[in-house]
Amino acid sequence: MKGIELKEPVSTKLQSLGELQQTKVIALFSLVGMTITGLMALFAVYNQSWTLALSLFGSSSIFFFAFYLVKWRNHSHVSSIIITYSLYILMFYLILTGGVANTGPLWISIVPPVTVYIHGLRKGLINISIFVSIAAFIMFSPNIIEQQALYPIEFKLRIIYSFLTISFLSALYEYSRTGLYNSALALNNKLNYLAHFDELTGLRNRRSAEIILDDHVLKAKSGATFSVLLCDIDFFKQVNDKYGHNIGDKVLVETANVFTKLLRDTDYVSRWGGEEFLFILPDTNINEAYDIAERIRTAVAQHQVSLMDHDISVTISIGIQEHRGIMSLDNLISLADKYLYEAKRAGRNRCLPHV
Ligand SMILES: Nc1nc2c(ncn2[C@@H]2O[C@H](COP(=O)(O)OP(=O)(O)OP(=O)(O)O)[C@@H](O)[C@H]2O)c(=O)[nH]1
């Protein structure tokens with residue numbers, strides 16, 4: 001049943017905005033990575049550190065490839081994997097060789113923010129733990145390769161301490177960032193829901209019904225038929241006056257439930273106003289619409305709303321109108337309203353016109 005189903009999925013807009021932003025950041029990371037390693041490579045050439053220059057140029061090309069993938073091929077996931085792991089390999093290389101004047105390990109502080117942003121908190125922390133274990137192993141193990149850089153123990157310890165502190169701060173930042181993002185997403189869902197649905201009954205609201213009506217009026221130009229039922233609860237003011245507004249609300253909710261249970265999969269029902277409801281019945285002529293209206297009217301009249309000490313029931317009046325030819329939306333609704341008014345005048349608890 002389409003009674004409580006959204007035409008376009010909620011939250012997708014904000015979600016895709018978030019994905020778009022992440023794609024942009026991945027592109028930016030790869031661009032910055034490419035530029036920095038490129039500049040460092042030039043600096044290494046200037047210093048005649050040929051192996052370092054070659055590795056940095058290699059890294060710069062990999063970052064360019066990651067940039068190409070995200071920018072022109074839309075492969076942001078592959079690109080993010082390339083950025084992360086080529087960054088790790090470059091860092092291990094800098095720790096191992098010392099980079100320029102044994103300052104290579106200083107660069108590992110960029111690993112935590114990049115990792116948690118790209119991989120999220122859980123996967124990011126796992127990656128960081130693996131990274132720091134390997135980095136510590138390289139720094140603290142006896143020489144793995146011949147030209148391995150040697151660092152004073154105080155330097156190695158402080159590099160690890162500062163790395164852990166930056167990891168903690170990055171995780172904290174990512175935690176609050178995702179928390180805020182999720183609250184914005186939930187709020188967006190709620191606003192989107194309220195823009196299309198009535199909070200009390202859960203039915204579509206008038207705005208949503210008007211969008212569907214516009215669509216059907218347009219389709220009717222190419223020969224499609226549809227009908228509307230404008231329905232109003234009889235003497236509803238008396239229900240409020242006698243039992244109070246809260247019971248009045250309960251009656252509205254239960255009446256809405258009766259409606260949704262009776263609808264066909266293709267039909268729509270909306271809360272048009274206070275105690276007024278509008279049904280849209282696609283591919284339905286006036287005769288079929290009358291049968292449906294009668295079924296709805298009878299079901300509401302037979303339904304008992306259970307209160308603490310007794311039950312109450314209400315009746316409804318319905319004005320029916322089939323869309324014909326190039327009838328405008330206003331014309332369609334005002335004709336349905338005219339029949340509803342006649343049904344009220346004729347004694348209520350009825351559907352008009354008779355067919
Ligand atoms: N409980 C409750 N009452 C509502 C809500 N919206 C509108 N109403 C009430 O619906 C009543 C409508 O009253 P009227 O327009 O006089 O119509 P009626 O008493 O139903 O009489 P007829 O339509 O002529 O049969 C008013 O008392 C409104 O306050 C709502 O969301 N909750």
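Start by selecting residues 25-46: this stretch is 100% helix and 0% strand, with its end C-alpha atoms 31 Å apart. Keep in mind as you look around that this is a predicted model.

Why pick that stretch? The UniProt annotation "transmembrane region", from an unreviewed entry, covers residues 25-46, along with 52-70, 82-104, 124-145 and 157-175. Colour those five ranges if you like, then move to residues 157-175. Here too the chain is 100% helix and 0% strand, and the end C-alpha atoms lie 27 Å apart.

Now leave the annotated ranges and select strand S6, residues 316-322. How many of its 7 residues are buried? The count is 7 of 7, so to speak a full house.

Show the side chains of S6 and turn the strand from one face to the other. On one side you will find Ile316, Ile318, Ile320 and Glu322, and on the other Ser317, Gly319 and Gln321; both faces are covered, and each of these residues is buried.

Next, add the neighbours of S6. Strand S1, residues 226-233, runs antiparallel to S6 and is joined to it by 7 bridges. To see one pairing, pick Leu230, whose bridge partner in S6 is Gly319.

Then bring up strand S7, residues 351-352, which runs parallel to S6 and is connected to it by 2 bridges. Zoom in on Cys351 in S7: it stands opposite Ile318.

For the last stop, display helix H11, residues 329-345, together with S6 and S7. Which hand does this β-α-β unit have? Follow the chain from S6 through H11 to S7 and you trace a left-handed unit.

Terms used
Residues are numbered from 1 along each chain as its sequence is written. This is a predicted model: local features need pLDDT of at least 70, side-chain atom pairs count only at pLDDT 80 or more; totals for chains, interfaces and linings use all residues. UniProt positions are given in the numbering used here, feature names are shortened, and annotations may be inferred rather than shown by experiment. Helices (H or I, at least four residues) and strands (E, at least two) are DSSP runs, numbered from the N terminus. A residue is buried if 20 or more other C-beta atoms lie within 10 Å of its own, exposed if 12 or fewer, and partly exposed in between; C-beta atoms are placed from the backbone. Two strands pair if DSSP finds at least two bridges between them. A crossover is right-handed if, with the strands pointing away from the viewer, the path from the first strand over the helix to the second runs clockwise.
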